[in-house]
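Q: I am in my first year and would like a close look at one part of a protein model. Please start from a single residue and work outwards.

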Amino acid sequence: MRTLLDLMLPARCGGCGTAGTAWCAECASVLTRPPVRVRPRTDPGVPCWALGPYAGPARRAVLAMKEHGRRDLARPLGGALAAGLTRLRAPGRPLILVPAPSRRVAARRRGGDPVLRTARAAAESLDDCRVVPALRLWWGARDSVGLTSGERRRNLEGRIHALPIPGSRASYTGFAEVIVVDDVLTTGATAGESVRALARVGYSVRGVLVTCAA
Ligand SMILES: [Zn+2]
C-alpha cells in the first residue's frame, strides 16, 4: 500500500517539503561538510563524529524516515554517511558498519529499520565495506524518547547484546575497521552500550558516526 502511495503521490523533499524531489540540492548541502567530532555526556569510550547538528533539514529527514516511513531518504542520507566514512576510514582496510540497534516493534511500525537501511545504502557506494547488523536490543528496553540521560543509561544497561562473529569471518573482522552508525546521537548511552556489547564478542570498534548530534 505504501509503495502504491509512493508512486501516486508526488515526491516532496524530506528536508524542506519542496515538491518534485525526495531530497533537494539545498538540503543535501547541509550534510556535505566533513564529520565533526562530538562529545556526548556519556562517554562511549571511542571517538564519535556527526555529519551535522540535529536541526533543520537533516533532523526533518531523520524524523521522516523514523516516524513517517520515508524509505526513499535512505539513499541520500546513506550517500552523506558514505562521504563522511570516506574521510574517516583508514586506507587499505575493509570497513564494517554496525547499525545501532532499534526496538524491533518500533522498527516494524516505522516501516523497517531506518538506520539499517541507511547503512546499507552507504555501504553500496563504498569499496570493501559491508554492513553487519550484529546488535540486538533485549526485550524490555523502552523506547528512549522522552527519557533523561540517566534514565536512558539505566534503560539500556546490559540490554544491548552483539551476535558472535562467525568463525568464517573472524580474520576479516579482525583486519577491518568497525564503525557503529546511528541516525542521532543524544546522550551517548546507546553508542556506549553498543561499543561495549561489540567488544564483549571480539569486535574492536574504532568509532561512532551518526547523521546528527543532538
Ligand atoms: Zn529540501
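Which residues does D128 touch, not counting residues up to four places away in sequence?

A: This is a predicted model, with residues numbered from 1 along each chain as its sequence is written. Local features need pLDDT of at least 70 and side-chain atom pairs count only at pLDDT 80 or more, while totals for chains, interfaces and linings use all residues, and side-chain values use heavy atoms, with hydrogens and water left out.

Leaving out residues up to four places away in sequence, D128 touches R89, P94, L95 and Y172 (contact: heavy atoms within 4.5 Å). With Y172 there is also a polar contact of 3.4 Å between the side chains (a pair of N or O atoms within 3.5 Å; within protein, one must be able to donate a hydrogen and the other to accept it, and residues adjacent in sequence count only if both atoms are side-chain atoms).

D128 sits in the loop between α6 and β4 (helices, H or I and at least four residues, and strands, E and at least two, are DSSP runs numbered from the N terminus). D128 counts as partly exposed because its relative accessibility is 45% (buried is under 20% relative accessible area, exposed over 50%, partly exposed in between, with a 1.4 Å probe and protein chains only). In sequence, 32 residues separate D128 from I96, yet their C-alpha atoms are 8.7 Å apart in space.

L95, touched by D128, is also in contact with L85. Leaving aside neighbours within four places in sequence, the other contacts of L85 are L97, L126, I179 and L209.

L85, L97 and L209 appear again in the largest nonpolar core: with W23, these residues touch the most other members among its 34 residues (such a core is a set of buried Ala, Val, Leu, Ile, Met, Phe, Trp, Tyr and Cys residues joined through side-chain atoms within 4.5 Å). At least two residues of this core come from each of β2 (48-53), α3 (56-68), α4 (74-88), β3 (95-99), α6 (114-124), β4 (129-131), β7 (177-185) and β8 (205-213). The largest share, 7 residues, is supplied by α4. A second, separate core has 27 residues, including L135, A189, L198 and V205.

Now consider α6, which comes before the loop that holds D128. T118 lies in this helix and is buried, with a relative accessible area of 8%. Not counting residues up to four places away in sequence, T118 touches M65, A74, L77, G78 and L81.

Helix α9 (residues 189-200) has these buried residues: A189, A191, G192, E193, S194, V195, A197 and L198. Among the elements that cover them are β3, β5 (135-137), α7 (149-156), β6 (160-162), β7 and β8. After α9 comes G202, with a positive phi near 110°.

The chain as a whole gives the setting. It has 9 helices and 8 strands, and 49% of its 214 residues count as buried. Among contacts between residues at least 6 apart in sequence, 76% join residues at least 24 apart.

To return to the starting point, D128 is a partly exposed loop residue whose listed contacts are R89, P94, L95 and Y172.

Definitions and conventions. The expected span of a helix is 1.5 Å times one less than its number of residues.
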